[in-house]
Amino acid sequence: VSRAARVASELRDARLAEHATADSGPPPTALADLTVLATDTQTAGRGRLDRAWSTPPGTALAVSVFLAHEPSGAPELVGSASSARDPAAALPRATLDPRRLGWVPLLAGVAMVRAVRSLGVTGGGLKWPNDVLVDGRKLCGILTELTPTGVVVGAGLNVSMTAQQLPVPTATSLVIEGVPEHGESVDGEVASLLDRALAAYLRELVQLVGRWREAEHPADLRPLVEQHLQTLELAVRVDLPGQPPLRGVAVGLDDDGRLLVRETATSGVVAVAAGDVTHLRYE
Ligand code: ATP
């Protein structure tokens with residue numbers, strides 16, 4: 001992690017608070033934009049809907065990145081001088097607009113897909129809304145949570161666990177996917193796979209967050225996300241609480257990052273939001 005601190009601090013505006021273990025105390029209260037918390041030993045990991053995320057100590061990366069609603073400290077005005085007179089237009093850009101927020105977990109997934117490919121993983125893609133899969137096995141889970149001052153983007157990446165150490169049979173790890181444990185980091189020094197993975201992910205994420213913040217329209221990054229999305233064109237079953245499962249083919253993403261499913265029964269297109277989905281399965 002100390003090496004990761006150095007890598008992260010080289011990134012524009014990145015700051016890192018080190019956590020040796022998940023039990024080393026509460027995080028600082030006033031987090032700076034792009035604060036990174038990372039550990040290789042997570043004791044109470046969770047996924048969506050409070051599902052357990054478990055990893056043997058030292059074999060996986062758990063990393064959270066804080067994206068402040070007001071990265072510069074002062075709200076950036078949206079629009080021109082005339083719209084600045086409208087208080088609603090004075091919201092910080094790239095933040096409180098729910099249409100923009102729907103893209104955050106997807107961008108984190110894209111960052112992770114690119115990072116693991118840069119380490120040597122072949123294939124791999126984003127399963128909407130929050131998993132990175134390789135040949136149908138889960139390599140990484142993403143969890144984003146909204147706070148009053150920003151968004152916490154969490155990622156759990158299986159790094160060095162062997163087949164015997166996998167917490168569930170549907171998981172995989174970088175090592176199982178053939179990535180060597182020792183190799184050169186982006187700065188040319190020998191580094192552990194855990195540090196290389198963290199550095200690669202942060203580099204991709206910071207770049208994508210910059211593009212997301214600068215985008216004119218919330219959906220400007222849709223082509224990039226769709227390029228990395230393996231769910232498109234596939235037959236899916238979407239479980240939604242209190243409703244019969246929705247069955248159809250995933251046909252795209254709407255302006256808010258919701259998945260568009262062409263329902264088999266009706267041929268109508270339904271938009272499903274990540275927050276409403278209990279499970280999404282390929283059929
Ligand atoms: P699902 O994968 O069950 O469709 P989901 O993608 O919403 O649902 P997440 O919240 O992302 O699930 O992750 C929690 C699930 O991931 C757990 O229910 C468990 O099946 C699985 N899991 C737990 N730990 C790991 C791990 N280290 N690697 C891969 N999968 C894991």
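In this predicted model, the second largest cavity is bounded by Thr39, Asp40, Thr41, Gln42, Trp53, Thr55, Ala60, Leu61, Ala62 and Gly156, and the space that it holds comes to about 30 Å³. Strand S3, which covers residues 60-68, makes the greatest contribution to this lining, with three residues. When the lining of the second largest cavity is sorted by class, four residues are nonpolar, five are polar and one is charged.

The search of the whole structure returned two cavities of 30 Å³ or more. The largest cavity has a computed volume of about 40 Å³, and its lining is formed by Leu67, Val104, Leu107, Ala108, Val153, Leu205, Val209 and Trp212. Helix H4 (193-214) and H3 each provide at least two residues of the lining of the largest cavity. The class composition of that lining is eight nonpolar residues, with no polar and no charged ones, whereas the lining of the second largest cavity includes five polar residues and one charged residue.

Turning to open space, the second largest pocket encloses about 550 Å³. Its lining is made up of 24 residues, among which Gly102, Pro105, Thr144, Ala274 and Gly275 are the closest to the centre of the pocket. Helix H2 (98-101), helix H3 (104-118) and strand S6 (137-147) are the elements that contribute two or more residues to the lining of the second largest pocket, and S6 accounts for the largest share, with five residues. Both domain 1 (2-227) and domain 2 (231-282) take part in this lining, each of them supplying at least three residues. By class, the lining of the second largest pocket comprises 14 nonpolar, five polar and five charged residues. Helix H3 thus appears in the lining of this pocket and also in that of the largest cavity.

The ligand is surrounded by 17 residues, of which Arg48, Asp131, Lys138, Asn158 and Arg281 are the closest. The shell around the ligand consists of five nonpolar, six polar and six charged residues. Several polar contacts can be described at the level of atoms. An N or O atom in the side chain of Arg51 is placed 2.9 Å from an oxygen atom of the ligand, and an oxygen atom of the ligand likewise lies 2.9 Å from a polar side-chain atom of Lys138. In the case of Ser54, a polar backbone atom is found 2.9 Å from a nitrogen atom of the ligand. Taken alone, the ligand would expose 610 Å², and the protein buries 87% of that area.

Two features of the backbone deserve separate mention. Most residues other than glycine have a negative phi, and most peptide bonds are trans. Against this background, the peptide bond that leads from Trp128 to Pro129 is cis, its omega being near 0°. Pro129 is situated in the loop that runs between strand S4 (125-127) and strand S5 (131-134). Leu34, a residue other than glycine, has a positive phi, with a value near 65°. The position of Leu34 is in the loop between strand S1 (15-16) and strand S2 (35-39).

Terms used: Residues numbered from 1 in each chain as written. Predicted model: local features only at pLDDT ≥ 70, side-chain atom pairs only at ≥ 80, totals over all residues. Heavy atoms only, no water. Near = heavy atom within 4 Å. Polar contact = N/O pair within 3.5 Å; in protein donor to acceptor, adjacent residues only side chain to side chain. Areas by Shrake-Rupley, 256 points an atom, 1.4 Å probe, with all protein chains shown as cover. Nonpolar A, V, L, I, M, F, W, Y, C, P; charged D, E, K, R; others polar. 1 Å grid on protein atoms, 1.4 Å probe; cavity = no way out; pocket = protein on both sides within 12 Å on 5 of 7 lines; lining within 4 Å. Points joined across faces, edges and corners; volume = space filled by probe spheres on them. Helix = DSSP H or I, 4+ residues; strand = E, 2+ residues; numbered from the N terminus. Domains from an automatic or database assignment.
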